[in-house]
Amino acid sequence: MKTDAVLKQDVQAELAWDPNVDETRIGVAVKDSVVTLTGHLDSFAEKIAAERAAKRVFGVKALAMEVEVTPTGPHRRSDTEIASAARSALSWNTQVPDDRVTVKVEGGHVTLEGELDWGFQRRSAETVIRPLLGVTSISNRITIRPRALPSDLSERIQGALTRQAMREAKRVQLTVGQGGLVTLEGPVHSWAERNAVEGAVWSAPGVTGVINRISVET
């Protein structure tokens, strides 16, 4: 098990390794394997990149993001400009029927609402908004249209996890609730595995929401 000092060095090194992150603007603190990132960045996309970089480091049990996005200079945009850019981005995205997604922008914070058919569409809508200039944060309130659940939904999800060679698939417990809400519990060895399991579940037909309670063991 890594000491907090070693873990801090590894997180700093990973932030420096990622070309999407200016590591000089991010502070790193570690206590009991819980990593806290602080600082001010120009874009929401860079904040997400910093979060992903920290989660890639083995030994990180939890992550606190105290990084603020404060666009300056060429990164600044009015809410009207951001809303217009968001609408254009959605209209060019073939995965998302943009007429079913509404956009609201207030102080650089983007709220997405509407109803779509698949979880991947919901994620895709958010993904195309992240890199837009001026965006400081995103609230994804898009819901998934309910549909009839396959009787073997749990088996289908477990099959997908096994096919994708997720070594911890057998340790993850799935609970399918009413309306297609899936709860995930159990331990995995990395944040990458945790995110991959959730992504696989969102791809299953009939899933309308995921509660991810999977813990990361180191």
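This report describes the chain as a whole and then turns to a few of its residues.

**The chain as a whole**

The structure is a predicted model, and its chain contains 6 helices and 10 strands. Along its principal axes the C-alpha trace extends over about 55 × 50 × 25 Å. For a chain of 218 residues, a compact globule would have a radius of gyration near 17 Å, and the 19 Å found for this chain agrees with that expectation.

Of the 218 residues, 43% are buried, and the accessible surface of the chain amounts to about 11,400 Å², with 51% of this area belonging to carbon and sulfur atoms. When contacts between residues at least 6 apart in sequence are considered, 65% of them join residues that are at least 24 apart. The chain carries 27 positive and 28 negative side chains, and the centres of these two sets are 3 Å apart.

**Two residues of strand 5**

Strand 5 covers residues 109–116 and includes Thr 111, and His 109 belongs to strand 5 as well. Is Thr 111 buried or exposed? Thr 111 has a relative accessible area of 5% and is therefore buried, since the cut-off for a buried residue is under 20%. His 109, at 24% relative accessibility, counts as partly exposed.

Setting aside neighbours within four places in sequence, Thr 111 is in contact with Thr 102, Val 103, Lys 104, Ser 139 and Arg 141. With neighbours within four places left out again, the contacts of His 109 are Lys 104, Thr 136, Ser 137, Ile 138 and Ser 139. Lys 104 and Ser 139 thus appear among the contacts of Thr 111 and also among those of His 109. The side chain of His 109 is, in addition, joined to the side chain of Ser 137 by a polar contact of 2.4 Å.

Two C-alpha separations help to place these residues. Thr 111 and Glu 126 are 15 residues apart along the chain, and their C-alpha atoms are separated by 9.5 Å, while His 109 and Trp 17 are 92 residues apart along the chain, with 28 Å between their C-alpha atoms.

**The loop between strands 1 and 2**

Strand 1 (26–31) and strand 2 (34–41) are linked by a loop in which Asp 32 lies, and Ser 33 has its place in the loop between strand 1 and strand 2 too. Asp 32 has a positive phi, near 55°, although this residue is not glycine, and Ser 33, likewise not a glycine, has a positive phi of about 70°. As for accessibility, Asp 32 counts as exposed at 56%, whereas Ser 33 counts as buried at 2%.

**A residue of strand 10**

Asn 212 is part of strand 10, which runs over residues 209–216, and its relative accessibility of 15% means that Asn 212 counts as buried. Which residues does Asn 212 touch, not counting those up to four places away in sequence? They are Leu 184, Arg 194 and Glu 198, and with Glu 198 there is a polar contact of 2.8 Å between the two side chains.

**Accessibility side by side**

The table gathers the relative accessibility of the residues described above.

| Residue | Relative accessibility | Class |
|---|---|---|
| Ser 33 | 2% | buried |
| Thr 111 | 5% | buried |
| Asn 212 | 15% | buried |
| His 109 | 24% | partly exposed |
| Asp 32 | 56% | exposed |

Key: Residues numbered from 1 in each chain as written. Predicted model: local features only at pLDDT ≥ 70, side-chain atom pairs only at ≥ 80, totals over all residues. Heavy atoms only, no water. Helix = DSSP H or I, 4+ residues; strand = E, 2+ residues; numbered from the N terminus. Rg over C-alpha atoms; globule rule 2.2 N^0.38 Å. Buried < 20%, exposed > 50% of the residue type's maximum accessible area, 1.4 Å probe, protein only. Contact = heavy atoms within 4.5 Å. Areas by Shrake-Rupley, 256 points an atom, 1.4 Å probe, with all protein chains shown as cover. Lys, Arg positive; Asp, Glu negative; His and termini not counted. Charge placed at Lys NZ, Arg CZ, Asp CG, Glu CD. Polar contact = N/O pair within 3.5 Å; in protein donor to acceptor, adjacent residues only side chain to side chain.
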